[in-house]
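Open the model in your viewer and keep a selection box ready. This tour goes stop by stop: what to pick, and what you find there.

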Amino acid sequence: MAMQQEWADKDYYGDLGVTKKADAAEIKKAYRKLARKYHPDSNPGNQAAEDKFKRVSEAYAVLGDEAKRKEYDEFKSMMNSGGFMRFGGRGGSGFPGGFRSPGEDAGAGFDPGFSGFGESGFGAGQGGGFSAEGGLGDIFGGLFNRGGGAGGRSARPTRGADVETQITLSFREAAKGTTIPVELTGEAPCTDCHGSGSRSGKTSTCPDCHGTGFVNEQRGAFGMSRPCTRCGGSGTVIDDPCATCDGTGTVRRTRSITVRIPAGVIDGQKVRLAGQGEAGPNGTPAGDLFVVVTVEPDEVFSRSGDDLEVTVPVSYAELALGGAVTVPTLDKPVKVKIPAGTPNGRTLRVKGRGVTRKSGTPGDLLVTVEVKVPDNLDPTATSALRTYAQAEKDSGFDPRAGWAGAQ
């Protein structure tokens, strides 16, 4: 079970200001509101706001992911119920419902009701039950995939923190894709020790936890496993820490990276760049960078999925007699044919002139024609229009024929 040790003292719901019953939409809304409020670009030099922004981003990275949120909820529930406590009596382990005192003999028929429970992934003892040494007594280590020796996984985070930033693109940049420079301030590998945290680049096994990353505390019949404080849960210690980074392997600095935004992103979409987040401690991999895209509206175009929409003003004569109009696209303009007798408001489709899909094929251009009525007519045009109107009437044409409101 891929749990993170640092979840133990984090309240992600509190960080976002939502209840545990909040749905995905409420969580996203709360995050976006707080991210805008505390974003470093809006609070230059304000360390408290920057720290709050990082907490909010970390909380959303977990609660905004359905699988991680479920894992987090289960982990916190187990913590609150004391699920990490183990029973270390002589000869075996017990649990409420089948509990026995440390001096009580288990007997051949004793079964606290957990036979086969190890199949759920918590590590069963021989025969399907729990043993004091490897079963329920080691549930804390099992949750963190802790091994029994130096080769097992430690309690220390194995990668750097994820980072989230926001950018604003024009409609056309978002539709066609672009590259944009982004400045980030956070943990980066120390150049003096190359991220190892050690002047010589060497580490040794922690003498307190013997490389496991965990130490046990025995309190009478009960025992607790906790991360080793000497090595921070890594299982190793640095004997000659780097003076520049104090042995952490990372330093705080500002860096600039070029982000490639793929064609077709929409407003609010999050683009993930693997390994571009904060550097991990002592040479562990970096976290990921998440770029939240805000798309500005366009004066000419709008979108319907991958189709590009545009409304083109036309004259009545162009609709009645037919013709061709020049229509803008994301690239060069195209000619669109208007059939004679086209009604006002009709939408004409131009294949392959829309927004490029993820598959690489473009959507279509949807051209809606809208009659533009002239504000003023000169005497010649007015006379000609009156002549036409009379001819139209004489031909028997009635624009309101069949209309339900006609009297």
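The stops below run from the overall fold to cores, salt bridges, a glycine contact and empty space.

**Overview**

Start with the whole chain, and keep in mind that this is a predicted model. Colour by secondary structure: eight helices and 16 strands appear in the protein chain. The chain has 407 residues, and 36% of them are buried. Now take the contacts with a separation of 6 or more. Of these, 63% are between residues 24 or more positions apart.

**Stop 1: the largest nonpolar core**

Select Tyr 12, Leu 16, Val 18, Ile 27, Leu 63 and Tyr 72. These residues have the most contacts inside the largest nonpolar core, which has 21 residues. Which helices supply at least two residues each of this core? They are α1 (12–16), α2 (24–38), α3 (47–63) and α4 (66–80). Helix α3 gives the largest share, seven residues.

Stay on Tyr 72 and show its neighbours. Leaving out residues up to four places away in sequence, Tyr 72 touches Trp 7, Lys 10, Asp 11, Tyr 12, Tyr 13, Val 62 and Leu 63.

Next, select Ala 175, Val 312, Ile 338 and Leu 365. They are among the members of a second, separate core of 20 residues.

**Stop 2: salt bridges**

The whole structure contains 14 salt bridges. Three are worth a zoom.

Select Asp 288 and Arg 272. Their closest N and O atoms are 3.0 Å apart. The two residues are 16 apart in the chain: Arg 272 sits in strand β9 (270–273), while Asp 288 is in the loop between β9 and β10 (289–295). Which partner is buried and which is exposed? Asp 288 is buried, because its relative accessible area of 9% falls under the 20% cut-off. Arg 272 is exposed, because its 52% is over the 50% limit.

Move to Asp 307 and Arg 349. This salt bridge has an N to O distance of 3.8 Å. Asp 307 is in strand β12 (residues 307–314) and Arg 349 in strand β15 (residues 347–350), so the bridge ties together parts 42 residues apart in sequence. Asp 307 is buried at 15% relative accessible area. Arg 349 counts as partly exposed at 48%.

Now pick Asp 364 and Lys 351. Here the closest N and O atoms lie 3.7 Å apart. Both residues are in the loop between β15 and β16 (365–371), so the pair ties together parts that are 13 residues apart in sequence. Asp 364 is buried, with a relative accessible area of 9%. Lys 351 is exposed at 64%.

Before leaving, add Arg 159 and Asp 162 to the Arg 272 and Asp 288 selection. Salt bridges with shared partners join these four residues into one network.

**Stop 3: two glycines**

Select Gly 235, in the loop between β6 (222–227) and β7 (236–237). Gly 235 is buried, at 3% relative accessible area. Add Gly 211. The two residues are 24 apart along the chain, yet their C-alpha atoms are separated by 3.8 Å.

**Stop 4: a cavity**

Turn on a surface or void display. Rolling a probe the size of a water molecule over the atoms shows where empty space is left. The structure holds two cavities of 30 Å³ or more.

Go to the second largest cavity, with about 40 Å³ of space. Select its lining: Val 163, Leu 184, Thr 185, Gly 186, Glu 187, Arg 255 and Glu 278. Strand β3 (residues 178–189) supplies the largest share of that lining, four residues. By class, the lining has two nonpolar, two polar and three charged residues.

**Stop 5: a pocket**

Finish at the second largest pocket, which holds about 500 Å³ of space. Select Tyr 316, Ala 317, Leu 385, Tyr 388 and Glu 392. Of the 17 lining residues, these lie nearest the pocket's centre. Which elements give two or more residues to the lining? They are α7 (316–321) and α8 (379–394). Helix α8 contributes the largest share, six residues.

Colour the lining by residue class as a last step. Nonpolar residues number 15 and charged residues two, with no polar residues.

Key: Residues are numbered from 1 along each chain as its sequence is written. This is a predicted model: local features need pLDDT of at least 70, side-chain atom pairs count only at pLDDT 80 or more; totals for chains, interfaces and linings use all residues. Side-chain values use heavy atoms; hydrogens and water are left out. A salt bridge is a side-chain nitrogen of Lys or Arg within 4 Å of a carboxyl oxygen of Asp or Glu. Buried means under 20% relative accessible area, exposed over 50%, partly exposed in between (1.4 Å probe, protein chains only). A nonpolar core is a set of buried Ala, Val, Leu, Ile, Met, Phe, Trp, Tyr and Cys residues joined through side-chain atoms within 4.5 Å. Contact means heavy atoms within 4.5 Å. On a 1 Å grid over the protein atoms alone, a cavity is a set of points where a 1.4 Å probe fits but cannot get out, and a pocket is an open set with protein on both sides within 12 Å along at least five of seven lines; lining residues have an atom within 4 Å of a point. Grid points are joined across faces, edges and corners, and a volume is the space filled by probe spheres set on the points. Ala, Val, Leu, Ile, Met, Phe, Trp, Tyr, Cys and Pro count as nonpolar, Asp, Glu, Lys and Arg as charged, and the others, Gly among them, as polar.
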